[in-house]
Amino acid sequence: MQKLQKNIIIYILLLYKFGFNLEENPPIESVKKIKIPTIFFHGDTDDFVPFYMAEDLFEACGAPKKFMRVSGAGHGLAYLKEKENYVNFIKEFEKENNIY
């Protein structure tokens, strides 16, 4: 399936099945409203959400935050690519933000 077709299908699912409109709720604006500690994981070979977009979201987030770049991970595959580092990253984030 071509990338554009895949993106259109996901957009339709978000809008009609879940009632979430990306035009009314752009992620870059939504992330600015986050008030709780937030962790970002992103694979640098993601062909659905480009890596620079994850960096932009991270920069826009005003809450305590941490970002893990996962080399060679595609969309939604960061954990599978770096299981041990992924878990340790979360544990470290929890300690830094007093989350238990």
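# A tour from Lys66 outward

Select Glu92 and Lys66 first: their side chains form a salt bridge, with the closest N and O atoms 2.2 Å apart. The model on screen is a predicted one. Glu92 belongs to helix α5 (residues 83–96) and Lys66 to strand β2, so this bridge ties together parts that lie 26 residues apart in sequence.

Now colour the two partners by accessibility. Lys66 counts as buried, at 15% relative accessibility. Glu92 counts as partly exposed, at 39%.

**Add Glu96**

Keep Lys66 selected and add Glu96. Their side chains meet in a salt bridge too, at 2.9 Å from N to O. Lys66 is in strand β2 and Glu96 in helix α5, so this pair joins parts 30 residues apart in sequence. Glu96 is partly exposed, with a relative accessible area of 45%. Show the three side chains together: salt bridges with shared partners join Lys66, Glu92 and Glu96 into one network.

Which ring does Lys66 lie over? Add Phe89: Lys66 lies over its face, at 5.1 Å from the ring centre.

**Zoom out**

Switch to cartoon. The protein has 5 helices and 2 strands. Starting at the N terminus, the order of elements is α-α-β-α-β-α-α. Of the 100 residues in the protein, 22% are buried. Turn on the surface: the accessible area is about 7,200 Å², and carbon and sulfur atoms account for 57% of it. Then consider the contacts between residues at least 6 apart in sequence: 61% of them join residues at least 24 apart.

**The other end of β2**

Select Asp44 and Arg69. Their side chains meet in a salt bridge, 3.4 Å from N to O. This pair also links distant parts of the chain: Asp44 sits in the loop between β1 and α3, Arg69 in strand β2, 25 residues apart. Both partners can be checked for exposure. Asp44 is partly exposed, at 26% relative accessible area. Arg69 is partly exposed as well, at 48%. The structure has 4 salt bridges in total.

**Into the core**

Hide the charged side chains. In soluble globular proteins, nonpolar side chains tend to be buried together. Select Val31, Phe40, Phe51, Ala54, Phe58, Cys61, Ala63 and Phe67: these 8 residues make up the largest nonpolar core. Which helix gives the largest share of this core? Helix α3 (residues 51–60) does, with 3 residues.

A second core of 6 residues is separate from it, and includes Met68, Val70, Ala73 and Phe89. Phe89 is also the ring under Lys66.

Centre the view on Phe67. Leaving out residues up to four places away in sequence, Phe67 touches Phe40, His42, Phe51, Ala54, Glu55, Phe58 and Phe89.

**The rings**

Display the aromatic side chains alone. The whole structure holds 7 aromatic pairs. Pick out Phe40 and Phe67, a stacked pair at 6.4 Å centre to centre with 20° between the planes. Where does each ring sit in the chain? Phe40 is in strand β1 (residues 38–43) and Phe67 in strand β2 (residues 65–70), 27 residues apart. Phe40 is buried, with a relative accessible area of 13%; the cut-off for buried is under 20%.

Widen the selection to Phe40, Phe51, Phe58 and Phe67, which form one aromatic cluster. Then bring back Lys65. Lys65 lies over the face of Phe58, 4.8 Å from the ring centre.

**Last stop: Leu57**

Select Leu57, in helix α3. Is Leu57 buried or partly exposed? Leu57 counts as partly exposed, at 22% relative accessibility. A nonpolar core takes only buried residues, and buried means under 20%, so Leu57 is not counted in one.

Leu57 still has neighbours to show. Again leaving out residues up to four places away in sequence, Leu57 touches Pro27, Ile28, Val31 and Phe40. Among them, Val31 and Phe40 are members of the largest nonpolar core. Finish with a distance label from Leu57 to Lys32: the two are 25 residues apart in sequence, and their C-alpha atoms are 8.3 Å apart in space.

Key: Residues are numbered from 1 along each chain as its sequence is written. This is a predicted model: local features need pLDDT of at least 70, side-chain atom pairs count only at pLDDT 80 or more; totals for chains, interfaces and linings use all residues. Side-chain values use heavy atoms; hydrogens and water are left out. A nonpolar core is a set of buried Ala, Val, Leu, Ile, Met, Phe, Trp, Tyr and Cys residues joined through side-chain atoms within 4.5 Å. Buried means under 20% relative accessible area, exposed over 50%, partly exposed in between (1.4 Å probe, protein chains only). Helices (H or I, at least four residues) and strands (E, at least two) are DSSP runs, numbered from the N terminus. Contact means heavy atoms within 4.5 Å. Rings of Phe, Tyr and Trp (its six-membered ring) pair if their centres lie within 6.5 Å; planes under 30 degrees apart count as stacked, over 60 as edge-to-face and the rest as tilted. A charge sits over a ring if NZ of Lys or CZ of Arg is within 6 Å of the ring centre and within 35 degrees of the ring normal. Accessible areas come from the Shrake-Rupley method with a 1.4 Å probe; for residues, only the protein chains shown count as cover.
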